[in-house]
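Here's a quick briefing for anyone opening this structure for the first time. Have a look at it, and then we'll walk through a few spots inside it.

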Amino acid sequence: MGDREGGGQGQDLLQRREDVRQANFLELFVDLVLVFALAGVVARVARDIVSQDVVIRWRSMAYLLVLSLPLIWVWTTTAQVTSWFDPRRPKIQWIVLASAFGMLVMASSVPHAFVGRGWAFVLPYVILQCVRPLVLMPALRGHPLRQLYLRSVLWFAASAVIWFAGVTVSGGARAAVWGTAVAVDIIAAQLRWPVPGMARPRVSAWAMESTHHLPERYQQFLMIALGETVLAVGISFAGQRDTPLAFTVLVVAYLSIVLMWRIYFYRSGQVLAEAVAAAEDKYGAGRATGTAHILMVLGILATAVGFDIILTHPGGSPEPLWLVASLGGPALFLYGRIRLERVVFNRLSLRRVIAIATLAVTAIPLYFVPPLAAAIVAALVLLAVALADARHAAGRPPEAPSPAH
């Protein structure tokens, strides 16, 4: 049976049909789990960022990275599997279901990940990253992807030691150890998991084997983050008294979400698949695209934390870290969008650079006014970017992608 799988069935798994462009129902199920997971991360961070303890406040933003990046990385590697392989095959469907369950277990442990449920967060992550490649490798005899998966297993097995070491401590120490572990995982993937004595493979996990499926999954990734922000804002608003101030925050938050959606999809997000198809370096385009979307999603999550703070503490003087969330979140989103513009059109978006500089400059005066002012300023900056985009496009035909060659 192993020989048969290494031959016909293995080739069948890799024969991804280009008519399977959109996510199937199982992949959308994974997306639902990710919404739940990211909502839990935002709630966890928002709880700590308003603490009376200054150490806990500053540590909360580190928690945002340490908790969200492993969940995002599981989602990303799952999307890469369904991009390389035919998602209609039973083996791939079982892998997707297992990935969704693992993310669910990780998400359920988020509220207490640093004090008592470390194993529930770590074990699903390590098992998925190590076992999924081992399950797929028998079907890849003679294919360069087999060597790539072997190298990834070696790296994930090594980083598992760091992950497990983090469980032996708690609080900020655990966050620091886990932060090191997830940094090792992502950097190693960027470098195609180098192993001394093994030649670098001719493929990469970042390569867009299907020129439409993975770009569209990244688009849905952005929509997941925006949807999570809507969910977080709605839940926070429902728990507040019905006051004009709370309703104002809701309106500003909703408009900001709509503006981020507009800024993303016009026009780089809209023609991302065409840009990837036209790029000569599929590996470089895939890596840059993945990095840009991770940055944008982190910015959206930080923005969601900022909205939660403003809804619960609309008056008084803001803390410096609150401004980091309310202004730094949109700035990080715009920086990721700059990276995406480079992939699709091979240019620097000066409008977004100016917007980031504006957010940075306004942070100083905004420290002396109520927190709602920071959200309004951020929304106005996003509106200015969207209007500048619309003005640039007025009277012109839709711009075609022009990636670097």
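Let's start with an enclosed space: Tyr 266, Arg 267, Ser 268, Arg 337, Glu 341, Phe 345, Arg 347, Arg 351, Arg 352, Asp 389, His 392 and Glu 399 line the second largest cavity. Keep in mind that this is a predicted model. A search of the whole structure turns up two cavities of 30 Å³ or more, and both get a group of bullets here, followed by a helix pair and a single residue.

**The second largest cavity**
- The volume of the second largest cavity comes to about 60 Å³.
- Four helices each put at least two residues into the lining of this second largest cavity: helix 9 (244-269), helix 12 (320-345), helix 13 (350-366) and helix 14 (371-393).
- Sorted by class, that lining has eight charged residues, along with two polar and two nonpolar ones.

**The largest cavity**
- Here you'll find about 130 Å³ of space.
- The lining of the largest cavity is made of 12 residues, and the ones nearest its centre are Thr 77, Gln 80, Val 81, Pro 133 and Tyr 149.
- Helix 3 (54-84), helix 5 (118-136) and helix 6 (144-167) each give at least two residues to the lining of the largest cavity.
- Helix 5 provides the largest share of that lining, with four residues.
- What's the mix by class in the lining of the largest cavity? Seven of its residues are nonpolar, four are polar and one is charged.

**Helix 11 and helix 12**
- Helix 12, which we met at the second largest cavity, also packs against helix 11 (residues 282-312), with the two axes 7 Å apart.
- The angle between helix 11 and helix 12 is about 160°, and angles over 145 degrees count as roughly antiparallel, so that's how these two helices run relative to each other.
- Is the crossing of helix 11 and helix 12 left-handed or right-handed? It's left-handed.
- The contact of helix 11 with helix 12 has 19 nonpolar residues, nine polar ones and two charged ones.

**Met 223**
- Look for Met 223 in helix 8 (residues 213-238).
- Met 223 has a relative accessible area of 38%; partly exposed covers the range between the buried cut-off of 20% and the exposed cut-off of 50%, so Met 223 counts as partly exposed.
- Met 223 and Trp 261 are 38 residues apart in sequence, while their C-alpha atoms are 7.8 Å apart in space.

Key. Residues are numbered from 1 along each chain as its sequence is written. This is a predicted model: local features need pLDDT of at least 70, side-chain atom pairs count only at pLDDT 80 or more; totals for chains, interfaces and linings use all residues. Side-chain values use heavy atoms; hydrogens and water are left out. On a 1 Å grid over the protein atoms alone, a cavity is a set of points where a 1.4 Å probe fits but cannot get out, and a pocket is an open set with protein on both sides within 12 Å along at least five of seven lines; lining residues have an atom within 4 Å of a point. Grid points are joined across faces, edges and corners, and a volume is the space filled by probe spheres set on the points. Ala, Val, Leu, Ile, Met, Phe, Trp, Tyr, Cys and Pro count as nonpolar, Asp, Glu, Lys and Arg as charged, and the others, Gly among them, as polar. Axes are lines fitted to C-alpha atoms, for helices over the stretch in contact, and angles run from 0 to 180 degrees between N-to-C directions. Angles under 35 degrees count as roughly parallel, over 145 as roughly antiparallel, 65 to 115 as roughly perpendicular and the rest as oblique. A crossing is left-handed if the near helix is turned anticlockwise from the far one by less than a right angle, and right-handed if clockwise. Buried means under 20% relative accessible area, exposed over 50%, partly exposed in between (1.4 Å probe, protein chains only).
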